[in-house]
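Work through the exercises below with the sequence and the coordinates at hand. Each task is followed by a stepwise solution.

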Amino acid sequence: MNTERIEKDNGKMDLALYMAEVIEELRQDRKYPAVHIYTSTLHSFAKFSGGMMPMNEVFTPGRLKEYEEWLLQRRLRWNTVSTYMRTLQAVYNRLFPPGMPGCNPKLFDDVYTKVKSQTKRALTEEQTNRLMYADSDTFPEEVRRARGYFLLMFLLRGMPFIDLAHLRKVDVQGNRIVYRRHKTGKQMTVCIPREALPLLKEFKNKDSTSLYLFPILNAAQKEDYTSYEYYQKALRDFNKMLGVLARWLLPGVKISSYTARHTWATLAYHMDMPIGIICQALGHSSVRVTETYLKPFENERVDKANRKLISTVRKGKWGNDMICNML
């Protein structure tokens, strides 16, 4: 194998043409979330570069840093910057696998490729209670349904919206729901709590010909990228209705499809549930993923413990007189 020739050819190859090939390959493999991310990254970098994008010009430390600064000037979040950079890194690793002559293992060292810990996205126990027991009879149908889906996601151990949307009627087996996570393929078995039964009855799919448990997806639609776009629209509509719901019940609080999952994890964490159990309940691939969920709340928990410690000292024998006697 002439590695110098490969290196030279890869260097001259245009990024847009190569990524188009990768995107088509992902589409054929039905990896539609990846298709979406790769397409967004390509459009973003094309807008930044404004023309041809030969690999040997794209994949340089200076050019990548310029792109990062360009993204930040547009006030994109760090996690969005990281997503674009990690996508470019994946493309680079396809072209120059680690260990191959011409591969620069430190190429992405000066740009952000980590997952930044999110700011607080979970509701408090009181806020969750307000959502759960609010009188929703006067709400418009789409808002009532959004609230119902949100509460079901919370009650079913922080189920992601994409898994709720893809639940099938056959997944309900007695008092349990047995399904596979859309993201990882991991099988999950969730006991249906009694609080979820009225919501399941009210919002279940009334179409007897549909295989889906809820009327979120179109069962007649072919499983292709169009179906993924249909799901994306359903997700946007869901988040929009959650915004309306929050304005009515939780003024000043932002909630989204992520909130139910983060709320379940956070409340479990504050109840001192072991992280390993939380990881298993959420269906995470590793404890590290769970720790990323919970990291924003570590300081809050430590501050609460500190407040409790101080209160204990103030109420105990260590009063001012005792301290003075020690001096």
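The exercises treat a helix, a pocket and a sheet of this predicted model.

**Exercise 1.** Determine which residues of helix H7 are buried and which elements they pack against.

Solution.
1. Helix H7 spans residues 125–133, and its buried residues are Gln-127, Thr-128, Leu-131 and Met-132; buried here means under 20% relative accessible area.
2. These four lie on the same side of H7, because they cover an arc of only 135 degrees around the axis.
3. Glu-125, Glu-126 and Tyr-133 are exposed on the other side of H7.
4. The packing partners of the buried residues are helix H8 (141–155), helix H11 (225–249) and helix H12 (257–270).

**Exercise 2.** Describe the second largest pocket by volume and lining.

Solution.
1. The volume of the second largest pocket is about 580 Å³.
2. Its lining has 22 residues, and the closest to the centre are Glu-125, Thr-128, Phe-154, Leu-267 and Met-271.
3. At least two lining residues come from each of H7, H8 and H12.
4. By class, the lining consists of 13 nonpolar, five polar and four charged residues.

**Exercise 3.** Establish the strand order of the open sheet and find the bridge partner of Tyr-179 in S3.

Solution.
1. The sheet has three strands in the order S1-S2-S3, with antiparallel pairing.
2. Strand S1 (172–173) and strand S3 (187–191) are the edge strands, since each pairs on one side only.
3. Strand S2 (residues 176–180) is joined to S3 by five bridges, and the two run antiparallel.
4. The bridge partner of Tyr-179 in S3 is Met-188.

Notes. Residues are numbered from 1 along each chain as its sequence is written. This is a predicted model: local features need pLDDT of at least 70, side-chain atom pairs count only at pLDDT 80 or more; totals for chains, interfaces and linings use all residues. Side-chain values use heavy atoms; hydrogens and water are left out. Buried means under 20% relative accessible area, exposed over 50%, partly exposed in between (1.4 Å probe, protein chains only). The arc is that of the directions from the helix axis to the C-beta atoms. Contact means heavy atoms within 4.5 Å. On a 1 Å grid over the protein atoms alone, a cavity is a set of points where a 1.4 Å probe fits but cannot get out, and a pocket is an open set with protein on both sides within 12 Å along at least five of seven lines; lining residues have an atom within 4 Å of a point. Grid points are joined across faces, edges and corners, and a volume is the space filled by probe spheres set on the points. Ala, Val, Leu, Ile, Met, Phe, Trp, Tyr, Cys and Pro count as nonpolar, Asp, Glu, Lys and Arg as charged, and the others, Gly among them, as polar. Two strands pair if DSSP finds at least two bridges between them.
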